[in-house]
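I am keeping short notes on what I looked up in this entry. The sequence and the structure come before the notes.

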There are 2 protein chains.
Amino acid sequence: MRTEAVEDYLKSIYLVQGELGEVTTQVLAERMEVSAPSATGMLKKLAELKLVKHEPYYGVTLTPAGRKIALEVIRHHRLLELYLAEALGYSWDKVHAEAEKLEHHISEEFEDKIAALLGNPVTDPHGDPIPAKDGTIPPQNTVRLVDAAAGEMVTVTRVAAQDAAQLNYLGSLGIRPAASLTLVAKAPFDGPVELRIGNASHHLGLNLARQIFIRLAKPRR
Amino acid sequence: MRTEAVEDYLKSIYLVQGELGEVTTQVLAERMEVSAPSATGMLKKLAELKLVKHEPYYGVTLTPAGRKIALEVIRHHRLLELYLAEALGYSWDKVHAEAEKLEHHISEEFEDKIAALLGNPVTDPHGDPIPAKDGTIPPQNTVRLVDAAAGEMVTVTRVAAQDAAQLNYLGSLGIRPAASLTLVAKAPFDGPVELRIGNASHHLGLNLARQIFIRLAKPRR
DNA sequence: TTATTTATTTAGGTAAGGCTAAACTTTTTT
DNA sequence: AAAAAAGTTTAGCCTTACCTAAATAAATAA
């Protein structure tokens, strides 16, 4: 059965796979805020449903069927995030929590209607790509701010943080998709980065800075 | 705990109470599409939670706490119905099913935002009253079309049908809130009613006709 | 007023999805 | 290569909300 829990696990498996390359029981359990045995139990169930391949003691991978569901749920989530921001005036730090609940309950008609209303968008308010209905994922910029060279002027493409407090802080500094900034300096030994945004200068810890993706403002060629 | 099932039962108890005056296990079970023992079980649970008073073998009534939850859920439902119709262009026969799922999952912020966007409306697309946040219910017109006198010209205030096919049919005849029509005749022995809407004349079975509420187009005084 | 029908509740069971404690693998350290 | 640590799974339980079958209570009919 395609329960809410099943959808949530598949979504997390997909996302963890993308971030870490492999999906272990423990990491999944942490993401789901659930005990490890609970995760094991669900993985067994998902395997029976042919939604994942589970190699006991090694990890899981999604089957095509599982991946399809994961992408549908992620599409719902990100479309909702954008809709809440655009149509209802939600601030970007609040959209995640609301979308998290609604993503499981909207119909295909609802999905289609908000997608059309938003002009079939390809990114959500954080710059995360919105999977298309056919499972295609729009190309995304994967350059991290922390990998740019000091002195470079860049445009923010994506802020991968989920936490409301972090987003709120970054937003207050003007760091959001489409913002322009200059990477002034990177302190050594995994130290903070210094940014210039307009006339203001800010120092960001690495944990935050690593969540920021960019493209060069003036691409070299 | 305030689970989805709890909310649904409380909502049904409230509505059945309003329609029939008393709420028996069997009627409730039918509404919820559940076996009678299941309903009994839930009533016991709701009684433990102090949300209803359950007199075994006689029926239930809501406590103030139970009534409060019921009204919140109904407010969500009807606000959503109107929002879906107004903001997303849903037809009135589709709003019920979608609202039925979403009503349990929207936050108070979502509720407030759509209420404000809609101008704090007092009725949904079917003419059902939307309870206010404080639990107040807007005054509603309780005159039934079938109780009007033949020959009278009336304005539809409410169409209480939930079924999509019925709503679709009534809509196709032009019968919806704010529509004007004339009750041409009522056939005897619980026969159908004849209506004139614009230039067209229609014959409606009693089951349908009883769902229509009206006010007199030219109130006598 | 007793018998029958109807409504309701009790008894016992199922499936999801969670939990802790204990057992077992795999990996890492010494 | 053996011992310790870390990660994973199994075993056994709990809660929610449903079910069917059987028992009981109330209402109706004979």
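How many residues lie between β1(A) and β2(A) in the hairpin they form, and which residue in the turn has a positive phi? I found three residues between the two strands, and Tyr57(A) is the turn residue, with a phi of about 70 degrees. I note for the record that the model is predicted.

**Entry: the hairpin**

I checked how the two strands pair. β1(A) and β2(A) run antiparallel and are joined by four bridges. Opposite Gly59(A) of β2(A) I found Glu55(A). I then looked at the faces of β2, residues 59-62 of chain A. Val60(A) and Leu62(A) make up the covered face, while Gly59(A) and Thr61(A) are on the uncovered one.

**Entry: other positive phi values**

I went through two loops next. As background, most residues other than glycine have a negative phi. Lys50(A) has a positive phi, near 65 degrees, and sits in the loop between α3 and β1 (52-55) of chain A. Is Lys50(A) buried or exposed? I count Lys50(A) as exposed, because it has 11 C-beta neighbours inside 10 Å and the cut-off for exposed is 12 or fewer.

Asn120(A) also has a positive phi, near 45 degrees. The loop that holds Asn120(A) runs between α6 (108-117) and β3 (153-159) of chain A. Asn120(A) is exposed because 12 other C-beta atoms lie within 10 Å.

**Entry: chain A overall**

I listed eight helices and seven strands in chain A. Why does chain A count as being as compact as a globular protein of its length? Its radius of gyration is 19 Å, close to the 17 Å that the globule rule gives for 221 residues, so I accept the description. The C-alpha trace of chain A spans about 55 × 45 × 35 Å along its principal axes. Of the 221 residues in chain A, 32% are buried. I also looked at contacts in chain A between residues at least 6 apart in sequence, and 54% of these join residues at least 24 apart.

**Entry: the nonpolar core**

In soluble globular proteins, nonpolar side chains tend to be buried together. Here I looked up the largest nonpolar core, which has 60 residues. Which of its members touch the most others? They are Val159(A), Ile212(A), Val159(B) and Ile212(B). I followed Ile212(A) further, leaving aside its neighbours within four places in sequence, and found contacts with Leu145(A), Val156(A), Val159(A) and Ile175(A).

**Entry: chain B against chain A**

I found nine residues of chain B in contact with nine residues of chain A. On the chain B side, α5 (95-102) and α6 (108-117) each supply at least two residues, and α5(B) gives the largest share, three residues. By type, the chain B side divides into three nonpolar, three polar and three charged residues.

**Entry: DNA strand C**

How many residues surround DNA strand C? I counted 21, of which the closest are Thr3(A), Ser38(A), Thr24(B), Gln26(B) and Pro37(B). Both chains appear in the list of elements that each supply at least two residues of this surface: α1 (4-20) and α3 (36-48) from chain A, α2 (25-32) and α3 (36-48) from chain B. The largest share, five residues, comes from α3(A). I split the surface near DNA strand C by type and got twelve nonpolar, eight polar and one charged.

Technical notes. Residues are numbered from 1 along each chain as its sequence is written. Chains are lettered from A and ligands numbered from 1 in the order in which they are written. This is a predicted model: local features need pLDDT of at least 70, side-chain atom pairs count only at pLDDT 80 or more; totals for chains, interfaces and linings use all residues. A nonpolar core is a set of buried Ala, Val, Leu, Ile, Met, Phe, Trp, Tyr and Cys residues joined through C-beta atoms within 7 Å. A residue is buried if 20 or more other C-beta atoms lie within 10 Å of its own, exposed if 12 or fewer, and partly exposed in between; C-beta atoms are placed from the backbone. Two residues are in contact if their C-beta atoms, placed from the backbone, lie within 7 Å. A residue is near a molecule or strand if its C-beta atom, placed from the backbone, lies within 6 Å of it. Ala, Val, Leu, Ile, Met, Phe, Trp, Tyr, Cys and Pro count as nonpolar, Asp, Glu, Lys and Arg as charged, and the others, Gly among them, as polar. The radius of gyration is taken over C-alpha atoms; the globule rule is 2.2 Å times the number of residues to the power 0.38. Two strands pair if DSSP finds at least two bridges between them.
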